[in-house]
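Reader: I am in my first year and still learning how to read a structure such as this one. Could you take one part and go through it slowly with me, saying what touches what?

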Amino acid sequence: MTDTGTPPRSAATPTPAAAGQPLIQLRDITRRYGEGATQFLALRGISLDVHDGEFVAVMGPSGSGKSTAMNILGCLDTASAGDYRFKGAPVQAMNRDQRALLRRRWLGFVFQGFNLLARTSAQENVELPLLYRGESAASRRAAARAALAEVGLAGWEHHTPGELSGGQQQRVAIARAIVTQPAVLLADEPTGNLDSARSVEIMQLLSRLNRERGITVLMVTHEPDMAAWAHRVLRFVDGRIASDRQQTPITEPPPAEAADTPGAVAAGAAEIAAGAPPSVPTVEAAASLCPPPATTAAPGPTA
């Protein structure tokens, strides 16, 4: 699908390269579970383009397929049929190790439940992805401190999750997601366990990372107020994309008296027209995207 009717963006807002190759391409993606009479189709041939720098909210009722689609985008699951390309590389042709390298190099994840190690400090939690990459202890510490500072947690490096509020724990989780400098941040209900004030803080942070660092954000949410921060809103129904619209995102929370109003989400009229299929890169593109890891052993965790 090709973006049309996109509203004007400010100079600080990353502008997707509509004429160039999409960062993410899905073509006729199907995901089925089970066989025969028990077979269930979670996705029914969805097609989607996401360009570099977009902030996309993914909405829909439970069981609509949105989480299945996010799992496929994050290389946590594979499609039963169809074509998934990341930066032109055919993800469907990658083996398990190549998909793991793609996740490690290009993707960051934020979950509703934070998924922090309970007995480990904020800094050590943030260092973990770099440990898997085999980076030195000194570089891990420096990068983790910088990421924590970026999410507003300078001075909280040595606190464990149990010593942090829910909002602070989610900030640690976001710092862990961005410490590897990912191209894409996949956020699954990032405000689902937070109160309204903390939810706004997290959305301000995600919006700033998108605007200032150009990180592409795909966020699952059930809340229209949270979707209002995105440039684009997808709605899934029964395993299909029922609607795909552009909107002018908010960058600050609405006034308190209007915060609970259904009209908080800006209306966007532009639908995404179906685009011509892209040229097909070779499987070798996967190897260039995910080169083999270094043969040196990863250093152990710091004391």
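Author: Let us begin with one contact between two helices: Ala122, Gln123, Val126, Glu127, Leu130 and Leu131, which belong to helix 3, meet Arg140, Arg141, Ala143, Ala144, Arg145, Ala147 and Leu148, which belong to helix 4. Sorted by class, the residues of this contact between helix 3 and helix 4 are eight nonpolar, one polar and four charged. Please keep in mind throughout that this is a predicted model.

As for the geometry, helix 3 covers residues 122-133 and helix 4 covers residues 137-150, and the two pack at an angle of about 120 degrees with their axes 9 Å apart. Angles of 65 to 115 degrees count as roughly perpendicular and those over 145 as roughly antiparallel, and helix 3 and helix 4 are therefore oblique to each other. The crossing in which helix 3 passes helix 4 is right-handed.

One of the charged residues deserves a pause. Arginine 141 lies in helix 4, and with a relative accessible area of 36% this arginine 141 is partly exposed. Its C-alpha atom is separated by 9.4 Å from that of leucine 130, although the two residues are 11 residues apart along the chain.

Helix 4 also has a contact with helix 5, and here the angle is about 130 degrees, with the axes again given as 9 Å apart. That makes helix 4 oblique to helix 5, and helix 4 passes helix 5 in a right-handed crossing. The residues that make this contact are Ala147, Leu148 and Glu150 from helix 4, together with Val172, Ala175 and Ile178 from helix 5. By class, the contact of helix 4 with helix 5 has five nonpolar residues, no polar residues and one charged residue.

Valine 172 can now be followed further: leaving aside residues up to four places away in sequence, it touches Leu116, Ala122, Asn125, Val126, Leu148, Leu153 and Leu164.

This leads to the wider setting. The largest nonpolar core has 38 residues, and Val126, Val172, Ile174, Ile178, Leu185, Leu206 and Met219 are those with the most contacts inside it. Among the elements that give two or more residues to this core are helix 3, helix 4, helix 5 (166-178) and helix 6 (196-213), as well as strand 3 (55-59). Helix 5 gives the most to this core, namely six residues. There is also a second, separate core of 32 residues, which includes Ile24, Val58, Met70 and Ala89. In soluble globular proteins, nonpolar side chains tend to be buried together.

Notes
Residues numbered from 1 in each chain as written. Predicted model: local features only at pLDDT ≥ 70, side-chain atom pairs only at ≥ 80, totals over all residues. Heavy atoms only, no water. Axes fitted to C-alpha atoms, helices over the stretch in contact; angles between N-to-C directions. Helix = DSSP H or I, 4+ residues; strand = E, 2+ residues; numbered from the N terminus. Parallel < 35°, antiparallel > 145°, perpendicular 65-115°, else oblique. Left-handed = near helix turned anticlockwise from the far one by under 90°. Contact = heavy atoms within 4.5 Å. Nonpolar A, V, L, I, M, F, W, Y, C, P; charged D, E, K, R; others polar. Core = buried A, V, L, I, M, F, W, Y, C linked by side-chain atoms within 4.5 Å. Buried < 20%, exposed > 50% of the residue type's maximum accessible area, 1.4 Å probe, protein only.
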